[in-house]
Amino acid sequence: MLELNADPDQPVLVFDSGIGGLTVLREARVLMPERRFVYVADDAGFPYGGWAEDALRDRIVRLFADLLNDHDPALCIVACNTAFTVAGAALRAAYPEVTFVGTVPAIKPAAERTRSGRVSVLATPGTVRRDYTRDLIQSFASQCHVTLVGSPRLARMAEAYVRGLPVGDEAVAAEIGPCFVESGGSRTDIVVLACTHYPFMANVFRRLAPWPVDWLDPAEAIARRARSLLPRHADALHPAEDDTALFTGGRPDFATRRLMNSFGLKVA
């Protein structure tokens, strides 16, 4: 596997629409303890699901102009399905010297693992309606019955939940309910978590599910891909400089700052 010629002092930049990318950051840190991380939450644009595709693409490409200039990252992880399916190609075209590791719905591994042939993709409305998602299904899961579930509320629920705010069981159950399909003697056995916010609530999903399924979280696979691209520094220690979190909407509220601190991130 070809590795990047990256300076050990260059950080890894993790980008998300909100705090969902922390699930990917958590896994990446385990695999790259010697690296410094910069976490960027585009909270000013959150949630991405309601954006027009062209406007969102332009926004993300513009944001990265400043992020790349300010932080000179060794590699960028776009830890958001909607962001990468909309803007991944545009980012690579605009910044060809930068390596981007993207996040796409884990449809291929779901199709490989399912026993029943029934897979559901739990995503944002934006990810569900993208041609990119449907192309993945056609390419890797054409033999499966794939149910696309675009939840308009679940990303906000996950943001509230991880901040310690109350989220009602009935509301969550209503959002995940359409994932569970039973027909012709078979029923859904895998649900792809196609939004990086959703793994924060995986235990809630398991508790409320009408039957057990495999909740497929892509965070570890994304982190492994990033790790494979960067040189290993076996004797290197984590830099003395803090890992940082940036918010495009300005300084976040106390609950969010506390959450960032619990992940070892200093809010800039």
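The paragraphs below lead through a predicted model, beginning with the annotated residues and moving outward to helices and loops.

The UniProt record, an unreviewed entry, lists Cys-80 and Cys-195 under "active site". Although these two residues are spread over 116 residues of sequence, they cluster in space, with a largest C-alpha distance of 6.5 Å. Both Cys-80 and Cys-195 are included in the lining of the largest cavity. Cys-80 sits in the loop between strand 3 and helix 3, and because its relative accessibility is 7%, under the 20% limit, it counts as buried. Leaving out residues up to four places away in sequence, Cys-80 touches Phe-15, Asp-16, Ser-17, Tyr-48, Thr-103 and Thr-196. Cys-195, for its part, is placed in the loop between strand 9 (190-193) and helix 9 (202-208), and it too counts as buried, at 9% relative accessibility. Beyond its neighbours within four places in sequence, Cys-195 is in contact with Asn-81, Leu-122, Thr-124 and Ala-155.

The same unreviewed UniProt entry carries a "binding site" annotation that covers Asp-16, Ser-17, Tyr-48, Gly-49, Asn-81, Thr-82, Thr-196 and His-197. These positions span 182 residues in sequence, yet no two of their C-alpha atoms are more than 13.2 Å apart, so they gather at one spot. From this set, the lining of the largest cavity takes in Ser-17, Tyr-48, Gly-49, Asn-81, Thr-82 and His-197.

Two of the annotated residues, Tyr-48 and Gly-49, are found in the loop between strand 2 and helix 2. Tyr-48 is buried, with a relative accessible area of 2%, and its side chain makes a polar contact of 2.6 Å with the side chain of Asp-42. Apart from neighbours within four places in sequence, the contacts of Tyr-48 are Phe-15, Ser-17, Asp-42, Leu-56, Ile-60, Cys-80, Thr-82 and Ala-83. Gly-49 is buried as well, with a relative accessible area of 17%, and, with the same sequence neighbours set aside, it is in contact with Gly-126 and Arg-129. Pro-47 also has its place in the loop between strand 2 (37-41) and helix 2, and the peptide bond that leads into it from Phe-46 is cis, with omega near -5°. Most peptide bonds are trans.

Following the chain from Cys-80, the reader comes to helix 3, which comprises residues 81-94. Its 14 residues reach 19 Å from the first C-alpha to the last, close to the 20 Å expected at 1.5 Å a residue, although the helix has a kink of about 60° centred on Ala-87. The buried residues of helix 3 are Asn-81, Thr-82, Ala-83, Phe-84, Thr-85, Val-86, Ala-87, Gly-88 and Leu-91. They pack against several elements, among them strand 1 (12-16), helix 2 (53-71), strand 3 (75-78) and helix 6 (131-140).

Thr-196, one of the "binding site" positions, also leads to Thr-23, which is found in helix 1 (residues 22-31). Thr-23 is buried, with a relative accessible area of 1%. A polar atom of its side chain lies 2.9 Å from the backbone oxygen of Gly-20, and the backbone oxygen of Thr-196 lies 3.2 Å from a polar atom of the Thr-23 side chain. Not counting residues up to four places away in sequence, Thr-23 touches Thr-196, Pro-199, Phe-200 and Ala-219.

Ala-155, already met as a contact of Cys-195, is among the buried residues of helix 7. This helix (residues 154-162) is mostly covered, with seven of its nine residues buried. What covers the buried residues includes strand 5 (118-123), helix 8 (169-176), helix 9 and helix 11 (254-262). Just after helix 7, Gly-164 takes a positive phi of about 90°.

A positive phi also occurs at Asp-72, where the angle is about 40° although the residue is not a glycine. Most residues other than glycine have a negative phi. Asp-72 is placed in the loop between helix 2 and strand 3, and it is partly exposed, with a relative accessible area of 47%. Arg-225, which lies in helix 10 (residues 219-229), likewise counts as partly exposed, at 40% relative accessibility. Its C-alpha atom is separated by 9.7 Å from that of Ile-77, a residue 148 residues apart from Arg-225 along the chain.

Terms used:
Residues numbered from 1 in each chain as written. Predicted model: local features only at pLDDT ≥ 70, side-chain atom pairs only at ≥ 80, totals over all residues. Heavy atoms only, no water. Helix = DSSP H or I, 4+ residues; strand = E, 2+ residues; numbered from the N terminus. Expected span 1.5 Å × (residues − 1). Bend = angle between axes of the 7 residues up to and from the residue. Buried < 20%, exposed > 50% of the residue type's maximum accessible area, 1.4 Å probe, protein only. Contact = heavy atoms within 4.5 Å. UniProt positions renumbered as here; feature names shortened; annotations may be inferred. 1 Å grid on protein atoms, 1.4 Å probe; cavity = no way out; pocket = protein on both sides within 12 Å on 5 of 7 lines; lining within 4 Å. Polar contact = N/O pair within 3.5 Å; in protein donor to acceptor, adjacent residues only side chain to side chain.
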